[in-house]
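Let us take a friendly walk through this protein model together. Have the structure open beside you as you read.

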Amino acid sequence: MAELVLAAATPHNPLLWRAMNDPVPDDLQPIAANFARIREAVAAHEVDALVVIGTDHVRQFFYDNSPAFVVGKAESYHGTWENEVRTFGMEYVELAGHRELADEITGRTVLPETIDLAVSLEWRLDHSYVIPLQYVRPELDLPVVPIHTNASMPPVPSVRRFVALGEHLRDAIERWDSDARVGILTSGHMANDVGGPRTFAGSPDPDFDEAAAAWMRDGDLEGAIRVCSDFQRLLEAGCMTYQYLNAVAALAAMGGRPADFAEVTPSRFASSLFFLWGSR
Amino acid sequence: MSKYMVDKFIRAVELSDAAVAAYVADPAGVVDAWLAGAGGPTGPSDDRELTPAERDAFAARDYEALYALGAHPYLLWHFTEAVYEHEYTPDSGWRELVERYRAAVAPQGIVDYIP
């Protein structure tokens, strides 16, 4: 059977792409170092395939058709969008998909009983997939199963559905008749406001950041569920803060156990999440 | 008021370099041409409508008004960035645009942006 060998949560802040270049500015060196830590962990765990959980930023999915969760079933994916190349200086990439693993996750004929997943066979991945992969696996050589979570277009799935997603991913991977070593790479935000009243003014809510780091460090899934059940609380911490729930999905996938590494890194930007669960 | 249509027009501009360039050159002309291109009852599903206040806010590149009208904050910021970037000078660039944008929206607090 396949094995879930690693989960990691990282930022996908696309402003890093221009800012974190050689020489890396002093305030971004801890972020570069934490990405390197996770890059080394993925290599050391000899991962064969990555489930990449992110949130499409209203590029592929919009209010004409806004699914809660989407699993990519494509053979391959184009990475990043024209507006992201323009705005963030990102580079177009090509990524191989992993159809067999995607089928294990969605079911080929009937969806899993525990969660309803939409599927996509044509999906251009935005920075919430491309940026973490470029830092964590710059070779871009691992086949991926991208999963979109709607964390930006209310109504959004509840935190318990993110937990259900994480638990389902573990089950699906462990039921897969394969010797593959699978990792989950998820990305999101701590408190973060883009376009709201506290746009780009450091962390909009350090108290949330502190609590949210502790849920991962302590393996406090119930604590995360309790606070993240309050959409308004997260909205007040910034309009992009709900993407923190992508890390909650990783915590649930790892059985709610404390992260082996949990750091929330301050910089000129909103604070950056780095959580890692390994098996080596 | 249709927050959905406001967001739809923002995307119609912001996702494409060519559309950004056209809009920057003639905001009112592009918004009116966009409205005129609706699919209609028998065409492809592509409804387009804006209230006069929404149309005028786009014609004026007025991010303060668009925020009040309930544009999605994330989309609105990147739209603002895209359509003001060409006005950056050595003394007033991205950081100054961020400051102007935040000063315009902060007094309004969190506006209900759910369509």
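A residue is called buried if 20 or more other C-beta atoms lie within 10 Å of its own, exposed if 12 or fewer do, and partly exposed in between, with C-beta atoms placed from the backbone. This is a predicted model, where local features need pLDDT of at least 70 and side-chain atom pairs count only at pLDDT 80 or more, while totals for chains, interfaces and linings use all residues. Residues are numbered from 1 along each chain as its sequence is written, and chains are lettered from A and ligands numbered from 1 in the order in which they are written.

**One residue to start with**

Is A:Ala96 buried or partly exposed? A:Ala96 has 15 C-beta neighbours inside 10 Å, so it counts as partly exposed. You can find A:Ala96 in strand 5 (residues 93–96) of chain A; helices (H or I, at least four residues) and strands (E, at least two) are DSSP runs, numbered from the N terminus. Two residues are in contact if their C-beta atoms, placed from the backbone, lie within 7 Å. Leaving aside neighbours within four places in sequence, A:Ala96 is in contact with A:Ser76 and A:Pro143. A:Ala96 and A:Glu75 are 21 residues apart in sequence, with 6.2 Å from C-alpha to C-alpha.

**Chain A as a whole**

Chain A has 10 helices and 10 strands, and its C-alpha trace spans about 45 × 45 × 40 Å along the principal axes. Buried residues make up 56% of its 280 residues. Of the contacts in chain A with a separation of 6 or more, 82% are between residues 24 or more positions apart.

**An enclosed strand**

Why is strand 2 (residues 49–54) of chain A largely enclosed by the rest of the structure? It is because 6 of its 6 residues are buried. In a regular strand the side chains alternate between the two faces of the sheet. Here A:Ala49, A:Val51 and A:Ile53 point one way from strand 2 of chain A, while A:Leu50, A:Val52 and A:Gly54 point the other way. Strands pair if DSSP finds at least two bridges between them, and the table lists two partners of this strand.

| Partner of strand 2 of chain A | Bridges and direction | Facing residues |
|---|---|---|
| Strand 8 (residues 181–188) of chain A | 5 bridges, parallel | A:Val51 and A:Ile184 |
| Strand 7 (residues 144–149) of chain A | 5 bridges, parallel | A:Ile53 and A:Ile147 |

**Nonpolar cores**

A nonpolar core is a set of buried Ala, Val, Leu, Ile, Met, Phe, Trp, Tyr and Cys residues joined through C-beta atoms within 7 Å. The largest one has 90 residues, of which A:Ala8, A:Val248, A:Ala250 and A:Phe275 touch the most other members. Helix 10 (residues 245–253) of chain A gives the most to this core, with 8 residues. Beyond neighbours within four places in sequence, the contacts of A:Phe275 include A:Ala8, A:Met216 and A:Phe261. Apart from the largest core lies another, of 31 residues, among them A:Val58, B:Phe9, B:Ala57 and B:Trp77.

**Where the chains meet**

How many residues does each chain bring to the contact? Chain B brings 25 residues and chain A brings 23 residues. On the side of chain B that touches chain A, helix 1 (3–14), helix 6 (73–84) and helix 7 (94–105) of chain B each give two or more residues. Helix 6 of chain B gives the most, with 8 residues.
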